[in-house]
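Q: I am new to this structure and would like to know what lies behind the terms used for it. Please go through them one by one.

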Amino acid sequence: MQEEKKLRWYNVALIAFVSVWGLGNVVNNYASQGISVITSWILIMLLYFVPYALIVGQLGSTFKDGNGGVSTWIKETTTKRLAYYAAWTYWVVHIPYLAQKPQGILIALGWAVKQNGDLVNTMPAMQVSLISLVIFLAFLWVSSKGLATLKRIGSIAGMSMFVMSLLFILLAVAAPSIRGASFATPNMGDIKTYLPNFNFAYFTTISMLVFAVGGAEKISPYVNNTKNPAKEFPKGMLALAAMVAVCALLGSFAMGMLFDSNNIPDDLMANGAYVAFQKLGTYYGVGNFFMILYAIANTLAQVSALAFSIDAPLKILLGDADEEYIPRKLAKLNSKGTPVNGYAMTGILVSILIIVPAIGIGNMNDLYKWLLNLNAVVMPLRYLWVFFAYMMLNRLHKNFTSEYKFVKNHKVGYVIGAWCFIFTAFACILGMVPKIEYAADPQAWVFQFALNVITPIIFVALGMILPAIAKREFANKPKV
């Protein structure tokens, strides 16, 4: 048995790093906060990400035989009903994610082919939405066929994106000394440059930071595959936190060198990574070479992520479906093992989220930024279940055995879980506030705010409807 546990702490750290981190995390948060995001990264790592990763370590160690991830943790510590809601949340938060992926594919292809960001700045939002809808429906069909090729491409592209993220930091940080490049942001040697203004607008951007460092629960299956879980897994998680912190800090510093923090381009979230590689190519005398490499890798990564994210979360929701909460028709499989009705529900929800916002958001850049911010509001909702499970685990600690424990004092553990839960909820709620000035366009501000509030409410309401349908089916089920 011991022979099977051969992953070392550095293996766990690297596996986790590739799944959690990406260059987009640096670009999006720099676009939100400027160079002062460096201070925000330090705070979020110490106060949130480190405890989050170690909490996942203990939950994974405690429920090592469970296959449902977060829903298993909730089921073991509370009730089947809450476990269903945890599984539902994990699936439904991917709807905005799926709605944005076709936009990402379009932008990446635009840079790869045209080698500029005109696509984002010139194409009307409705036209983009219609093209995105066609792309999504095509991949919904492809995913239903169970093609594994796209996932293999995604593994290669994911590693390529990881390498490009590290290459970005190395090239940018070295550019001033090697190529004599000047700093775009003034006073980068002054500590005051890095201090955020802790006002209301600042707190509305925290959800993007939480979104960036979230997803550590994906690491839980590896807890009991390490050589010495009690010692090596937390060491791996601390190494992960250090790696993410270094990449976040150096990446943000590099962004400050390339883009003036006091004059951030409006399309930085959509085009920033491509422009950054374009500038680095100019510094090193290779033209658009780096940018084209990144655009191709990102296209493949986005394609694979779209196909994989249609299929995987749905299988988690329906794979261990309890007929008391999931209607039989929804969980029904065809001859190829595909939950066709589940795919249909995914298609309807994503199609609505692709088309409706374009009615009130006029251009692609604003549409892209709004959908990205909606993801930052909705996606962290699944992390709430992780912290809730940890709180319940500490409350019921006498009923469970953990090979690895984050903290030995169960009251302290409960408080840490509650802190992470409250902080996540706080970030999500404030993240609903639109990132545009109300005075500049009151109608657009109200439209975006309404969508940000209504979307999570609809998601929760749908999750409540399904058990009601399932209950009626269950009551009418013939008694054997």
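Q: Why is the contact between Arg8 and Glu232 called a salt bridge?
A: A salt bridge is a side-chain nitrogen of Lys or Arg within 4 Å of a carboxyl oxygen of Asp or Glu. The closest N and O atoms of Arg8 and Glu232 are 2.9 Å apart, so the pair fits the rule. Arg8 sits in the segment before helix 1 (9-20) and Glu232 in helix 12 (residues 229-258), 224 residues apart. Helices here are DSSP runs of H or I with at least four residues, numbered from the N terminus.

Q: What kind of model is this, and what limits apply?
A: The model is predicted; local features need pLDDT of at least 70, side-chain atom pairs count only at pLDDT 80 or more, and totals for chains, interfaces and linings use all residues. Residues are numbered from 1 along each chain as its sequence is written, and side-chain values use heavy atoms, with hydrogens and water left out.

Q: Why is Glu232 called buried, and what is Arg8 called?
A: Buried means under 20% relative accessible area, exposed over 50%, and partly exposed in between (1.4 Å probe, protein chains only). Glu232 has 10% and therefore counts as buried, whereas Arg8, at 27%, is partly exposed.

Q: How many salt bridges does the rule give?
A: The count is 4.

Q: What makes Glu217 and Arg382 one of these pairs?
A: Their side chains meet at 3.3 Å, N to O. Glu217 lies in the loop between helix 11 (206-213) and helix 12, and Arg382 in helix 18 (residues 381-395), so the pair ties together parts 165 residues apart in sequence. Glu217 is buried at 8% relative accessibility, and Arg382 is buried at 7%.

Q: How do you know that Asp266 and Lys369 form a salt bridge?
A: The closest N and O atoms of Asp266 and Lys369 are 2.7 Å apart. Asp266 is in the loop between helix 12 and helix 13 (268-283) and Lys369 in helix 17 (residues 364-378), so parts 103 residues apart in sequence are tied together. Lys369 has a relative accessible area of 18% and is therefore buried.

Q: What is notable about phi of Gln115?
A: Gln115 has a positive phi of about 60° although it is not a glycine. Gln115 is in the loop between helix 6 (94-114) and helix 7 (118-122).

Q: Why is Asn187 called exposed?
A: Asn187 has 56% relative accessibility, so it counts as exposed. Asn187 lies in the loop between helix 9 (149-179) and helix 10 (200-203).

Note on methods: Helix = DSSP H or I, 4+ residues; strand = E, 2+ residues; numbered from the N terminus.
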